[in-house]
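Reader: I'd like a close look at one part of this model. Could you take me through the packing there?

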Amino acid sequence: MVKVKVEVLQGQVDYSNVGDKLEVDSAHVERLVKDGFVKVIETPAKPASKAKEKTK
């Protein structure tokens with residue numbers, strides 16, 4: 001899973017308090033943002049796709 005950096009806005013997320021910054025699995029981030037518990041600080045950049053070159 002890819003980790004996304006978030007800031008806790010309300011409640012308690014993964015044993016962290018309001019104002020804490022932590023990394024959460026990307027699978028859970030969408031729900032937490034929708035419910036207003038966290039704010040996304042930084043999302044990992046997708047690695048550039050590596051095109052395979054055929055050598056003959």
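Which strands does helix H1 lie across, and at about what angle does H1 run to E2?

Author: Quick housekeeping: this is a predicted model, where local features need pLDDT of at least 70, side-chain atom pairs count only at pLDDT 80 or more, and totals for chains, interfaces and linings use all residues. Residues are numbered from 1 along each chain as its sequence is written, and side-chain values use heavy atoms, with hydrogens and water left out.

Now, H1 (residues 26-34) lies across E1, E2 and E3, and runs at about 115 degrees to E2. Helices (H or I, at least four residues) and strands (E, at least two) are DSSP runs, numbered from the N terminus; axes are lines fitted to C-alpha atoms, for helices over the stretch in contact (heavy atoms within 4.5 Å), with angles from 0 to 180 degrees between N-to-C directions.

Under the helix, so to speak, is the sheet. Its three strands go E2-E1-E3, open and antiparallel, where pairing takes at least two DSSP bridges. E2 (21-25) and E3 (38-42) sit at the edges with a single partner strand each, so one side of each has no neighbour in the sheet. From one strand to the next, the twist averages 45 degrees. E1 (residues 3-8) pairs with E2 over five bridges, and Lys3 has Asp25 in E2 as its bridge partner.

Then there's the largest nonpolar core (buried Ala, Val, Leu, Ile, Met, Phe, Trp, Tyr and Cys residues joined through side-chain atoms within 4.5 Å; buried means under 20% relative accessible area with a 1.4 Å probe, protein chains only). The core has nine residues, including Val24, Val29 and Leu32. E1, E2 and H1 each supply at least two, with E1 giving the largest share, three. Val38 is in that core too, and among its contacts are Val6, Val13 and Leu32, not counting residues up to four places away in sequence.

Note on methods:
Buried means under 20% relative accessible area, exposed over 50%, partly exposed in between (1.4 Å probe, protein chains only).
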